[in-house]
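Trainee: I have a structure open and would like to talk through its charged pairs and strands. Could you walk me through them?

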Amino acid sequence: VQLQASGGGLVQAGGSLRLSCAASGSIFSINDMGWYRRVPGKQRELVAVIFSGGRTNYADSVKGRFTISRDNAENTVYLQMDSLKPEDTAVYYCRAHGRESLYGTNRDYWGQGTQVTVSS
């Protein structure tokens, strides 16, 4: 399974960006999909996750500003980021938890990361 993330860029504070992450390759099933971010010198942190049934969880710092969604038919997860703040600047990574075959093992797959920079 390969994950391809896109949509990062430079935006002014208060602006919006939409990240996309498409899974491809040998996919039997995907359970939850999520977005994480990392700032240099800090650990990677969860931003948002969406489960196969549609339930979502968000980091407190992004609640009310970010919205995660997914297209199960296209194995794609999105992150709509509104009211962006300079502290949202980070490399954003997508993750999918799933397996490649009926008898395969569920595991995490990670995308390559996309830079989001919010200027003040």
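Trainee: In this predicted model, which residue forms a salt bridge with D108?

Mentor: Happy to start there! D108 belongs to strand β10 (residues 107-110), and its partner sits in strand β9 (residues 90-99), 13 residues apart, so the pair links distant parts of the chain. The closest N and O atoms are 3.0 Å apart, which is within the 4 Å allowed for a salt bridge. The partner is R95.

Trainee: Is R95 buried or exposed?

Mentor: Its partner D108 counts as partly exposed, at 33% relative accessibility. R95 has a relative accessible area of 7%. Buried means under 20%, so R95 is buried.

Trainee: Which residues do salt bridges with shared partners join into one network?

Mentor: A good place to begin is R37 and E45, whose closest N and O atoms are 2.6 Å apart. R37 is buried, with a relative accessible area of 6%, whereas E45 is partly exposed at 35%. Salt bridges that share partners make one network of R37, E45, R65 and D88.

Trainee: How many salt bridges are there in the whole structure?

Mentor: Another of them brings together the side chains of K63 and D60, at 3.1 Å from N to O. D60 counts as exposed because its relative accessibility is 64%. A search of the whole structure gives a total of six.

Trainee: Now the strands: what is the bridge partner of T67 in β8?

Mentor: β7 (66-71) is an edge strand, pairing on one side only. Six bridges join β7 to β8 (residues 76-81), and the two run antiparallel. In β8, the partner of T67 is Q80.

How values were computed:
Residues are numbered from 1 along each chain as its sequence is written. This is a predicted model: local features need pLDDT of at least 70, side-chain atom pairs count only at pLDDT 80 or more; totals for chains, interfaces and linings use all residues. Side-chain values use heavy atoms; hydrogens and water are left out. Two strands pair if DSSP finds at least two bridges between them. Helices (H or I, at least four residues) and strands (E, at least two) are DSSP runs, numbered from the N terminus. Buried means under 20% relative accessible area, exposed over 50%, partly exposed in between (1.4 Å probe, protein chains only).
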